[in-house]
Amino acid sequence: MEILGLAIVIVLMLVATIFVVRFLVLKSPTEYRKGFVSSELASNMLNTLLKTAAIDCSQLTITELLQDCSQARSITCDNGEESCQHTESIAKNVFTQTLDKWSMQYEFLAYTDPKSPLIKLGKTCKAEKRSKIFPIPISTATMYTKLDICG
Amino acid sequence: MINKKAFEIQFNWIFVLVAGAAIILFFTVVVIKQKNVSETSTKATVLKSVEAIITGAGVSTDTTNRIGIPSSDINVDCGRVSIGEVSKQYQNLILFAPSLIKGDKLITQTLAFSTPYRATNLLYITSPQLRYIIIGNSEIAKYINKSMPAELKKEFYKSAPEIKNSNNYRIRFVLFDNIIAFPKALEKLPDSDVTAVKINGDNEKGTAEFYQKQGSSWTLKDTSSYIGKQSLLGAIYSDTFEAYECNMQNVFSRLNLVTKIYVERTKRLMEGAVTGSQIRCNQFYSNALTQLNSILAASSGFSRENINVIAASANSLAGENKNAQIYSCTLIY
Amino acid sequence: MHIDLLNFNIKMKRAQIQIGETIAVLFVFFILIIIGFMFYVKVIKDNIDIEKEEMSQLRSVGISQRIMFLPEIQCSEDNIIIDNCIDILKLDYAQSIMKENEIYYYDLLEFSDVNVVQIYPGEAKWNIYSRKTEDFSSKFVTNVPVSLYDPASRKHGFGVLTIETLFK
């Protein structure tokens, strides 16, 4: 009889231990900061980039350069680059010093037709990603800029 | 033989009693300790919520929130928020609140303090259990009634009504016309639980007289000043003259720092506006700089004289900014 | 007489065995209690560490938010705040004001190092606040892309606000 009682006590203790280990010991800290950082990053990055003025292109903003890139391509910058090339080189410069430096994978696209983007930088995200799309009005339709940040 | 057997049985009982008492004592100590830890932990959780509200207030303006917390008594002092023995000290806290916030809900409101550029955000916290009685027939009385969150337990009367005791832990009268006779129904309440503020002035500036119940009448504690609707609301939410003055002093310290930056920025704008169409802008910046310097000097301390100077300069500065906008100059703020 | 003594000895031995048994049970019981208590303390300690880590993260987010909304550096247009934008004319002077009033800003920014780095056009760096401690247990770096507004040319550049927060 005593053995049975002892067995029950041990079983109860084991159950309690498993419960505690499962819910308390294996609990990992909630990543508040990661959520804060990644939620705004794609949006801020794109928003800030589109407002940026190109110093070699009569201080036109990236938005204005993209509008020209998707339509007439009439703008030639001081360094001889066309609007598309110049936008790409500015974006590349910015991403190299930010997302690449922070070891973050990304994909930047500027397109009117997603199948043939005007500008494509970075690599396509294979798994989870944070995405932001900004529409830019042009005379014929709407063009889009999209930034995916992987992970 | 019988005696020895009796001894053996008694010893066994004593032994069991001692062991049992030791076990009970052990668990009692553990339970009491755990209870204290749990209570302190709850207080710390509430304090964390208040800290989060204070942080949030710095980054969002014109918001009102109703926040649920574990039922607690929060004491708010000049630069100090405490719940029981758990407290958090701040050097330059701007938090207009009654000295005691009771209950399981908090009502928070944030407004920007602009003279006319934003210097800081003002945070107001109160309890829905605190009763606000607003009495006045002026435009400012109606405006203040509208500005205070609907979630508050507030009553608005054009003239002094018959006040009944509805068992609130504190009552705050906000008077815009004359000081009213002390309500008979509230005479039995402790003196510290019934306070009043009498406002003399308009939306822009004025004075706030802080009263407290003393027996069956009001006693004037002190008189302070306000600048703008935001600080007027501060005088309403703070139930003591000292708390209001302390917060306003902190507001002025921040205004002083921010103004220093605007002074330098305007100087740089002036330096850059020396050619062609920019010359007209230069005139606006020069006028603005005069106003900014007077705000800078007046923000060194919170006083009625300084409030008058700041209010006048803020108006002129707003005018210069409008002129800058009309003539497509870079704005001053 | 001899039988009485024998009976007494037997009873004494039985009583001793009983007491010994009770002591052994109590000993095992207290050992179990101690083991349980040690386990409980370990679990509580781990939870406190987790909470401390979460608190540090929240404080880091709070500090980052406070910096991003400081009227000392934020852009505004007729007193309307522009999000994620830093006015570089304000920035030039804010760094000296914030250094002169380090104790005032410590209340807001605690132990942290705040830098604004211009990435395009050209490169520039402003250190607006720096108060570090050697004795820290956790460190977080938050990078926020920001627009750098030059009121003189009324053009925006691209920059990064880097906030390094340290906690004891």
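Reader: How many helices and strands does the secondary structure of chain C come to?
Author: In this predicted model, chain C has three helices and six strands. Along the sequence they follow the pattern α-β-β-α-α-β-β-β-β.

Reader: What makes chain C more spread out than a compact globule?
Author: Set the value against the rule: the radius of gyration of chain C is 33 Å, while the globule rule gives 15 Å for 168 residues. The value is well over the rule, so chain C is more spread out than a compact globule. The box filled by the C-alpha atoms of chain C can be set beside that: roughly 120 × 30 × 25 Å along the principal axes.

Reader: What share of chain C counts as buried, and what does a residue need for that?
Author: A residue needs 20 or more other C-beta atoms within 10 Å of its own. Of the 168 residues of chain C, 32% count as buried.

Reader: Which share of the contacts in chain C with a separation of 6 or more comes from residues 24 or more positions apart?
Author: That share is 64%.

Reader: Good, now to the neighbour. How many residues do chain C and chain A bring to their contact, and which element of chain C gives the most?
Author: Chain C brings 26 residues and chain A brings 26 residues. On the chain C side, α1 (2-68), β3 (112-120), β5 (138-150) and β6 (155-167) each supply at least two residues. The most comes from α1(C), with ten residues. Sorted by class, this side of chain C has 13 nonpolar, nine polar and four charged residues.

Reader: Over to chain B. Where do its domains lie, and how do they meet?
Author: Domain 1 of chain B covers 42-239 and domain 2 covers 255-326. Their centres, taken over C-alpha atoms, are 32 Å apart. The contact between them takes eight residues from domain 1 of chain B and twelve residues from domain 2 of chain B. On the domain 1 side, the residues divide into four nonpolar, two polar and two charged.

Reader: One last residue: why is Ser328(B) called exposed?
Author: The cut-off for exposed is 12 or fewer C-beta neighbours within 10 Å. Ser328(B) has 12 of them inside 10 Å, so Ser328(B) counts as exposed.

Reader: And where is Ser328(B) along chain B, and how far is it from Ala298(B)?
Author: Ser328(B) lies in the segment after α6 (304-326) of chain B. From Ser328(B) to Ala298(B) there are 30 residues in sequence and 30 Å in space, C-alpha to C-alpha.

Conventions:
Residues numbered from 1 in each chain as written. Chains lettered and ligands numbered in written order. Predicted model: local features only at pLDDT ≥ 70, side-chain atom pairs only at ≥ 80, totals over all residues. Contact = placed C-beta atoms within 7 Å. Helix = DSSP H or I, 4+ residues; strand = E, 2+ residues; numbered from the N terminus. Nonpolar A, V, L, I, M, F, W, Y, C, P; charged D, E, K, R; others polar. Domains from an automatic or database assignment. Rg over C-alpha atoms; globule rule 2.2 N^0.38 Å.
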